[in-house]
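This briefing introduces a structure to a reader who has not met it before. The sequence and the model are shown first, and the points that follow are grouped by topic.

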Amino acid sequence: MICCKECIDLLYDYIEGLLDQETSKSLEEHFEECPPCIAFLNTYKSTTTLCRDTLNQIEIPDEVRHTLQSFLKENKDQQEKK
Amino acid sequence: MSFTQQKVDKEIEEALVKDFQAGNLDAYDKIVELYQKRIYALSFNLMRNQMDAQDVAQEVLLTLFKKIHTFQGKSAFSSWVYRITLNSSYMKLRSKKKEPKISIDELLPSFNSTGFQQEKIQDWSENTESLLFTNETREIINKAVGLLPEKEKVVFLLRDVEGLSTEKVSEVLDLTIPAVKSRLHRARLFLRKKLSGYFEEYNSQKGET
Ligand SMILES: [Zn+2]
């Protein structure tokens, strides 16, 4: 059986689907017998999802949108005068 | 997004860029519409400050306007926009803080001499659903991301938050693929560690009451 350290080292490639079948299988065998590594895997994956979902909620605030709009309009007007 | 949809979007975008390079200002407006949210979100996530992000967005949109003739299509247009956004954000950030370095060992579980884990690790991943949209969780996550060193943070934002491919991130940042991977892995480990502290405490409090 591969040890936990190897398992954690391979975690990134495992999640991204970059491991060959054999390595992937030996990793899964390890997971079956090792709750701490399963917990690590789950929380590692969860971290990515949580952060992505949270940071993706960012919208441009209305006042910023307005500022950008008038800034761009001004810039365009200047350009057209030239 | 499906592959064909991506391809169509890419063609539309290339046509817009060409039109704008030929002097069509409506094409510029459409480019702004397509990109301003991404520009704002990326710079906001880097700097955590609305005014700074607004300044950067303004600067980037102006740069697109003035420098479009220098874009030669060697890389994707989006990569070019992301690079300008990052440069502009870094100019703002540079004066502000010193960088702590993260050591990977602190982020990994502790192993014994044969490489097996010694401590119990709490699996909080099943309880995150109900926590996801509370203000407190959001704040913890924002804070954790804020603590990430710049090098790791930018890779994490482009790849995991913006959803760019590893290849695209390496193009935008001019990094090798292995460098992108190792920074991303470090970022995720760092954030996992920070979030673990929070969720473990949350779960143990819940267990007590
Ligand atoms: Zn293990």
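**Briefing on the predicted model**

B:Asp174 is exposed, because its relative accessible area is 71%, above the 50% limit for that class. The structure described here is a predicted model. B:Asp174 belongs to the loop that links helix H7 (166-173) to helix H8 (177-208) of chain B. Although B:Asp174 is not a glycine, its phi is positive, at about 55 degrees.

**A second loop residue with positive phi**

- B:Arg48 is likewise a residue other than glycine with a positive phi, in this case near 55 degrees.
- The loop that holds B:Arg48 runs between helix H2 (25-47) and helix H3 (50-67) of chain B.
- B:Arg48 counts as partly exposed because its relative accessibility is 26%, a value between the limits of 20% and 50%.

**Chain B as a whole**

- The secondary structure of chain B consists of eight helices and zero strands.
- Read from the N terminus, the order of elements in chain B is α-α-α-α-α-α-α-α.
- The C-alpha trace of chain B extends over about 65 × 40 × 40 Å along its principal axes.
- Chain B has 209 residues, of which 45% count as buried.
- When contacts in chain B between residues at least 6 apart in sequence are considered, 67% of them join residues at least 24 apart.
- The exposed area of chain B is about 11,400 Å², and carbon and sulfur atoms supply 51% of this area.
- Chain B carries 32 positive and 30 negative charges, and the mean positions of the two sets lie 5 Å apart.

**Buried residues in the helices of chain B**

- B:Val154 is part of helix H6 (residues 150-161) of chain B.
- With a relative accessible area of 3%, B:Val154 is buried, since the class takes in values under 20%.
- Leaving aside residues up to four places away in sequence, B:Val154 touches B:Leu46, B:Leu86, B:Tyr90 and B:Leu173.
- One of these contacts, B:Leu173, is 19 residues from B:Val154 along the chain, and the C-alpha atoms of the two are separated by 8.8 Å.
- B:Ser79 sits in helix H4 (residues 77-94) of chain B and counts as buried because its relative accessibility is 0%.
- Residues up to four places away in sequence again being left out, the contacts of B:Ser79 are B:Lys168, B:Glu171 and B:Val172.

**A residue of chain A in contact with chain B**

- A:Thr47 is located in helix H4 (residues 35-55) of chain A.
- A:Thr47 counts as buried because its relative accessibility is 0%.
- Apart from residues up to four places away in sequence, A:Thr47 touches B:Trp124, B:Arg188, B:Leu191, B:Arg192 and B:Leu195.

**The zinc site**

- Which residues supply the protein donors of the zinc ion? They are A:Cys4 (SG), A:His30 (NE2), A:Cys34 (SG) and A:Cys37 (SG), at 2.0 to 2.3 Å from the ion.
- The spacing of the donor residues in sequence is C-x25-H-x3-C-x2-C.
- The arrangement around the zinc ion is tetrahedral because the four donor atoms subtend angles of 103 to 113 degrees, within the accepted range of 85 to 135 degrees.
- For four tetrahedral donors, the ideal angle at a metal is 109.5 degrees.
- Two of the donor residues, A:His30 and A:Cys34, are buried.

Notes:
Residues are numbered from 1 along each chain as its sequence is written. Chains are lettered from A and ligands numbered from 1 in the order in which they are written. This is a predicted model: local features need pLDDT of at least 70, side-chain atom pairs count only at pLDDT 80 or more; totals for chains, interfaces and linings use all residues. Side-chain values use heavy atoms; hydrogens and water are left out. Donors are N, O and S atoms within 2.8 Å of the metal (3.2 Å for Na, K and Ca); water is not among the atoms, so sites may look incomplete. Four donors count as tetrahedral if all angles lie between 85 and 135 degrees; four count as square planar and six as octahedral if opposite donors are over 155 degrees apart and all others between 65 and 115; anything else is irregular. Buried means under 20% relative accessible area, exposed over 50%, partly exposed in between (1.4 Å probe, protein chains only). Helices (H or I, at least four residues) and strands (E, at least two) are DSSP runs, numbered from the N terminus. Contact means heavy atoms within 4.5 Å. Accessible areas come from the Shrake-Rupley method with a 1.4 Å probe; for residues, only the protein chains shown count as cover. Lys and Arg count as positive and Asp and Glu as negative; His and the chain ends are not counted. The place of a charge is taken as NZ of Lys, CZ of Arg, CG of Asp or CD of Glu.
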